[in-house]
Amino acid sequence: MTAALALTDRPQLRRGVRAATDPLTDETVLLFPEGVLILNETAAAVVRQCDGCLSVAEVAQAVGEVYDDVAVADVVSLLQDLITQKLLVTNRG
Amino acid sequence: MDRPLGLLAELTYKCPLHCPYCSNPVAVPRAAELTLHEWCRVLAEARQLGVLQLHLTGGEPLTRPDLTPLVAQARDLGFYVNLVTSGVGLDQRRASELARAGLDHVQLSMQDADRVAADEVAGARVFDRKLAAARAVTAVQLPLTINVVLHRGNVGRIGPIADLAAALGADRLELEHTQYYGLVLLNRSALLPTRDQVVAAEHAVADARATYGDTLEILYVVADYHESYPKPCMHGWGRRHLVIAPDGRVLPCPAAAQIVGLGIDTVRERPLDEIWHHSPAFIRFRGYDWMSEPCRGCPRKEIDFGGCRCQAFQLTGDASRADPVCQLSPDNHLVEAALQVVAPPRQPLHPRSNPSIM
């Protein structure tokens, strides 16, 4: 049902989804009405760039400047997964 | 994971509605309810324990005049704050106030898409007030989930219910079949849908999802009486969630108070951390050691945790038995027998009574 993610799409957290820091572990978590998703360090870095303005390509580039083992395909796959879980939406580029 | 993630805070049992599937048709006098000051202390304790999500519920939480400062305090502590409401009392002013205080999300209950049927189930003329409440929520840009409890009388109107939720600008629609706990069991034969209705409902959900795609997320919680295996109730007893009743009793699930002899502690007498780790009510069914066969040796025990303890207690009198919904349970015939009982459609319901205790 959801179209494939394009590199020009501009992702952002869906309304009602909030990124926060777990007070016990300092990990980044996504909070939404019925659940909690704990993000690893690189996933957290990706999500923090998703402001609805930066494109997928720009998000991948920004994260790649900090973490040198991040492939664009991995970023796309993570974002696609978050879209499937209805935590992220995209503005068509 | 040795920490709770979610806290269901039942602020009051007062409610203007009389739904026959109410999970809390009981009275706690207002004078016995935790005060704002007590809630603030308890929320701080919950935060230290690792709770990330706070669901403010009831009864009707809007009947608490101190709801807004409580939301502000909760948000200040870092919680994701969700309000579970009937919408009665949620006008534009209150919605703005709650949004400004930092409320994250609203779950609004609707009884039906049909006004007459909805008001009949609610036992009050509230349908139009709920529509107004939904508009007040979306007007202040708060994300909205419409919750509908399904039963024989409304399960045939999933399409119109989805249409209504979409028209109201909801982000999510949660359709959940009635759970038969406590006094709701009295209404089981009048509320339980038939097998055909459940099959038709699944098709209607698929159709509505196809119609609304990404614009309306539709969650569907299956009718466990019609399933082969039980639900993973609360994701395991005392594992991820805790419930605090209006008078401060701390429970592993909202229905657990009915289990006799559980050993329930209250936040007025013990710190929350101690209750989570040591309260008899939490230890009783935590993990797997309490299980007997067929659960003990079952490979599904890590999926469904033996199902629902309250349902086992309610149907068999023994909370440590397998959930009778499970086809492997020796008590499964009790559920099968209930499914054979088809009550006449106009059988009177036992509405929730609301003793006028302030």
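Let us begin in strand 6 of chain B, where R172(B) is the bridge partner of T145(B). Strands here are DSSP runs of E of at least two residues, and helices are runs of H or I of at least four, both numbered from the N terminus. The model is predicted: local features need pLDDT of at least 70, side-chain atom pairs count only at pLDDT 80 or more, and totals for chains, interfaces and linings use all residues. Residues are numbered from 1 along each chain as its sequence is written, while chains are lettered from A and ligands numbered from 1 in the order in which they are written.

Strand 6 (residues 172-177) of chain B pairs with strand 5 of chain B in the parallel sense, over 6 bridges; pairing requires that DSSP find at least two bridges between two strands. Strand 5 of chain B also pairs with strand 4 of chain B, again in the parallel sense, over 5 bridges. There, M110(B) stands opposite V148(B). Why is strand 5 (residues 144-150) of chain B described as largely enclosed by the rest of the structure? Because 6 of its 7 residues are buried, that is, 20 or more other C-beta atoms, placed from the backbone, lie within 10 Å of their own (exposed means 12 or fewer, partly exposed in between).

I turn to helix 1 of chain B. Buried in this helix are W39(B), V42(B), L43(B), A46(B), R47(B) and L49(B). They cover an arc of only 150° around the axis, which puts them on the same side of the helix; the arc is that of the directions from the helix axis to the C-beta atoms. Their cover includes strand 1 (6-10), helix 2 (67-77), strand 8 (241-244) and helix 9 (272-278) of chain B. After helix 1 of chain B comes G50(B), with a positive phi near 110°.

Where do the chains meet? In all, 19 residues of chain B are in contact with 14 residues of chain A, contact meaning C-beta atoms, placed from the backbone, within 7 Å. On the chain B side, strand 3 (80-85) and strand 4 (105-110) each supply at least two residues.

Chain A, finally, holds an open sheet of 3 strands in the order 2-3-4, with antiparallel pairing. Its edge strands, each pairing on one side only, are strand 2 (18-21) and strand 4 (35-39) of chain A. Strand 2 and strand 3 (residues 28-32) of chain A share 4 bridges in the antiparallel sense, and R18(A) stands opposite L31(A).

Technical notes. Two residues are in contact if their C-beta atoms, placed from the backbone, lie within 7 Å.
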